[in-house]
Amino acid sequence: MEEIDLNDGTADRFLLDAQGLSLVVFHSRTCGNCKLAREQLPGMDLPVDRICWVDAGDNGGLVERYEVFHLPAMFVVRNGAFHGPVQARLQDWDIRQQISLALDGYPGILP
């Protein structure tokens, strides 16, 4: 699974152009749960083409637009369309289920 770091300047263009399914994960270097997510998510059997990491401490514009209130925060983007948040525990079965539910809804534009 591909991993990429995005920031305020690169996220929109990358997500609009990326084909397939992207899991956008907001994290912080000082957050214990975020460190655990950064270690475990890449090894999980998730139905995504890539994980896009966004450091919330350095990218306030994205944090504000995505309305991130807790970390780690995950969102689904497919083929440039925003499918919403993934509110799940850090367990692969739960994340897979929440991704599926997000994809069942009508897509919107990126925040």
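This passage describes the nonpolar cores, aromatic pairs, salt bridges and selected residue environments of a predicted model.

The largest nonpolar core comprises 17 residues, and those with the most contacts inside it are Leu15, Val24, Phe26, Tyr66, Val68 and Phe75. Two or more residues are given to this core by each of H1, E2, E3, H3 and strand E4 (73–78). Among these elements, E4 gives the most, with 3 residues. A second, separate core is made up of 16 residues, including Val25, Met74, Val76 and Ile95. In soluble globular proteins, nonpolar side chains tend to be buried together.

Within the largest core, Phe75 is a residue with many listed neighbours. Beyond residues up to four places away in sequence, Phe75 touches Ser22, Leu23, Val24, Phe26, Tyr66, Val68, Phe82, Gly84, Pro85 and Val86. Phe75 counts as buried because its relative accessible area is 7%, under the 20% limit. Phe26 is likewise buried, at a relative accessibility of 0%.

Aromatic pairs number 5 in the model. One of them joins Phe26 and Phe75 in an edge-to-face arrangement, with 5.7 Å from centre to centre and 85 degrees between the planes. Because Phe26 belongs to strand E2 and Phe75 to strand E4, this pair ties together parts of the chain that are 49 residues apart in sequence. Ring pairs further link Phe26 and Phe75 with Tyr66 and Phe82 in a cluster. Of the cluster members, Phe26, Tyr66 and Phe75 are also among the residues with the most contacts inside the largest core.

The whole structure contains 8 salt bridges. In one of these, Arg65 is paired with Asp12, and the closest N and O atoms are 2.5 Å apart. This pair links distant parts of the chain, with Arg65 in helix H3 (residues 60–65) and Asp12 in helix H1 (residues 11–17), 53 residues apart. Both partners are partly exposed: Arg65 has a relative accessible area of 34%, and Asp12 has a relative accessibility of 27%.

A further salt bridge is formed by the side chains of Arg29 and Asp55, at 2.7 Å from N to O. Arg29 is located in the loop between E2 and H2, and Asp55 in strand E3 (residues 50–55), so the bridge ties together parts that are 26 residues apart in sequence. The partners fall into separate accessibility classes, since Arg29 is exposed, with a relative accessible area of 54%, whereas Asp55 is buried at 10% relative accessibility. Arg29 and Asp55 also belong, with Asp58, to a network of salt bridges.

The salt bridge between Arg89 and Asp94 has its closest N and O atoms 3.5 Å apart. Arg89 is partly exposed, with a relative accessible area of 49%, while Asp94 is buried at 7% relative accessibility.

His27 lies in strand E2 (residues 21–27). With a relative accessible area of 8%, His27 is buried. Leaving aside neighbours within four places in sequence, His27 is in contact with Cys34, Arg38, Trp53, Val54, Asp55, Ala56, Gly57 and Leu71. Asp55, listed among these contacts, is the salt-bridge partner of Arg29. Trp53, another contact of His27, is 12 Å from Glu39 in space, C-alpha to C-alpha, and the two are 14 residues apart in sequence. Glu39 is placed in helix H2 (residues 32–40) and, at 60% relative accessibility, counts as exposed.

Leu90 is situated in the loop between strand E5 (81–86) and helix H4 (92–104). At 26% relative accessibility, Leu90 is partly exposed; the upper limit for a buried residue is 20%, so Leu90 does not count as buried. Not counting residues up to four places away in sequence, Leu90 touches Asn33, Leu36, Ala37, Gln40, Leu41, Met44 and Ile95. Ile95, one of these contacts, is a member of the second core. The C-alpha atoms of Leu90 and Cys34 are 9.9 Å apart in space, with these positions 56 residues apart in sequence numbering. Cys34 is in turn one of the contacts of His27.

Technical notes: Residues numbered from 1 in each chain as written. Predicted model: local features only at pLDDT ≥ 70, side-chain atom pairs only at ≥ 80, totals over all residues. Heavy atoms only, no water. Helix = DSSP H or I, 4+ residues; strand = E, 2+ residues; numbered from the N terminus. Buried < 20%, exposed > 50% of the residue type's maximum accessible area, 1.4 Å probe, protein only. Contact = heavy atoms within 4.5 Å. Salt bridge = Lys/Arg side-chain N within 4 Å of Asp/Glu carboxyl O. Core = buried A, V, L, I, M, F, W, Y, C linked by side-chain atoms within 4.5 Å. Phe/Tyr/Trp six-rings, centres within 6.5 Å; stacked < 30°, edge-to-face > 60°.
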